[in-house]
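Work through the exercises below with the model open. Each task is followed by a worked solution.

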Amino acid sequence: MKSARKTIAQYFECLTAGEAEQLLKSISKQNFLKIGTDEGETVTGAQKAAEYYRHHVASTDKFSIETRRLDVHERDTISWFFTEQVWTLEWKGTPETLAMRITGVLENQDALWKFVQIHASLGFGPE
């Protein structure tokens, strides 16, 4: 079984590469919640996650992520993480640089780590 850290890294690689279908393989079909940075950006359930990520990758170009910090903890069937990242991208044609703070929870489901919760917020101070 691959580690939760590798699943998390693959999630962000798929996000920047625009590979929504590959990314969705790491999302729990049983229970999923994502809270994003925009007003009303709350995604519940696997079906809504599929719609959300397909739209996200279709609307994003020139996407790169600089990870400044990634802490991952695994315990039996649960894992959680915290990361600070700088996202550089074009969203619907507009260049953006975003300082992101992201936390998440993964659950081991059938020997695979699956995201059950992700929460993102903007901004962080200097290291």
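**Exercise 1. Classify K62 by exposure, then find its charged partner.**

This is a predicted model. Start with the accessible area. K62 has a relative accessible area of 65%. The cut-off for exposed is over 50%, so K62 is exposed.

Next, look for the partner. The side chain of K62 meets that of E90 in a salt bridge, at 3.3 Å from N to O. The pair links distant parts of the chain: K62 belongs to strand β3 (residues 60–75), E90 to strand β4 (residues 78–91), and 28 residues separate them.

**Exercise 2. Compare two further salt bridges: are their residues buried or partly exposed?**

Begin with the principle. Side chains of opposite charge can pair when their charged atoms come close.

Take E41 and K34. Their side chains form a salt bridge, 3.5 Å from N to O. Buried requires under 20% relative accessible area. E41 has 15%, so E41 is buried. K34 has 7%, so K34 is buried too.

Now take R69 and D71. Their closest N and O atoms are 3.0 Å apart, and the two residues form a salt bridge. Partly exposed covers the range between under 20% and over 50%. R69 stands at 39% and therefore counts as partly exposed. D71 stands at 28% and therefore counts as partly exposed.

Finish with the total. The salt bridge count comes to six.

**Exercise 3. Which residues in the loop between β5 and β6 have a positive phi although they are not glycines?**

Locate the loop. β5 covers 94–109 and β6 covers 112–122, and D110 is in the loop between them. A111 lies in this loop as well.

Read the backbone angles. D110 has a phi of about 55°. A111 has a phi of about 70°. Both values are positive, and neither residue is a glycine.

Add the exposure. D110 reaches 73% relative accessibility, so D110 counts as exposed. A111 has a relative accessible area of 45%, so A111 is partly exposed.

**Exercise 4. Describe the largest pocket: its volume, its lining and its chemical make-up.**

Volume comes before lining. The largest pocket holds about 400 Å³ of space. It is lined by 22 residues, and T37, D38, E41, Y52 and H56 are the closest to its centre. The elements that give two or more residues to this lining are α1 (4–17), α3 (46–59), β4, β5 and β6.

Then sort the lining by class. There are 14 nonpolar, four polar and four charged residues.

Note a link to Exercise 2. E41, one of the residues closest to the pocket centre, is also the salt-bridge partner of K34.

**Exercise 5. Where does H56 lie, and what does it touch?**

Place the residue. H56 lies in helix α3. Its relative accessibility is 11%, so H56 counts as buried.

List the contacts, leaving out residues up to four places away in sequence. H56 touches L15, F63, W87 and W91. H56 is also among the residues closest to the centre of the largest pocket.

**Exercise 6. Which element gives the largest share of the lining of the second largest pocket?**

Set the scene with the volume. The second largest pocket has about 170 Å³. Its lining consists of 14 residues, with K2, Q10, K25, S26 and W113 nearest the centre. α1, α2 (20–24) and β6 are the elements that give two or more residues to it.

Pick out the leading contributor. α1 provides the largest share, four residues.

Close with the classes. Seven lining residues are nonpolar, four are polar and three are charged.

**Exercise 7. Assemble the overall picture: which elements are there, and what radius of gyration does the protein have?**

Count the elements. The protein has three helices and six strands. Along the sequence they follow the pattern α-α-β-β-α-β-β-β-β.

Test the dimensions. A compact globule of 127 residues would have a radius of gyration near 14 Å; the protein has 14 Å, so the value agrees. The C-alpha trace spans about 40 × 35 × 25 Å along its principal axes.

Check burial and contacts. Of the 127 residues, 39% count as buried. Among contacts with a separation of 6 or more, 52% come from residues 24 or more positions apart.

How values were computed:
Residues numbered from 1 in each chain as written. Predicted model: local features only at pLDDT ≥ 70, side-chain atom pairs only at ≥ 80, totals over all residues. Heavy atoms only, no water. Salt bridge = Lys/Arg side-chain N within 4 Å of Asp/Glu carboxyl O. Buried < 20%, exposed > 50% of the residue type's maximum accessible area, 1.4 Å probe, protein only. 1 Å grid on protein atoms, 1.4 Å probe; cavity = no way out; pocket = protein on both sides within 12 Å on 5 of 7 lines; lining within 4 Å. Points joined across faces, edges and corners; volume = space filled by probe spheres on them. Nonpolar A, V, L, I, M, F, W, Y, C, P; charged D, E, K, R; others polar. Rg over C-alpha atoms; globule rule 2.2 N^0.38 Å. Contact = heavy atoms within 4.5 Å.
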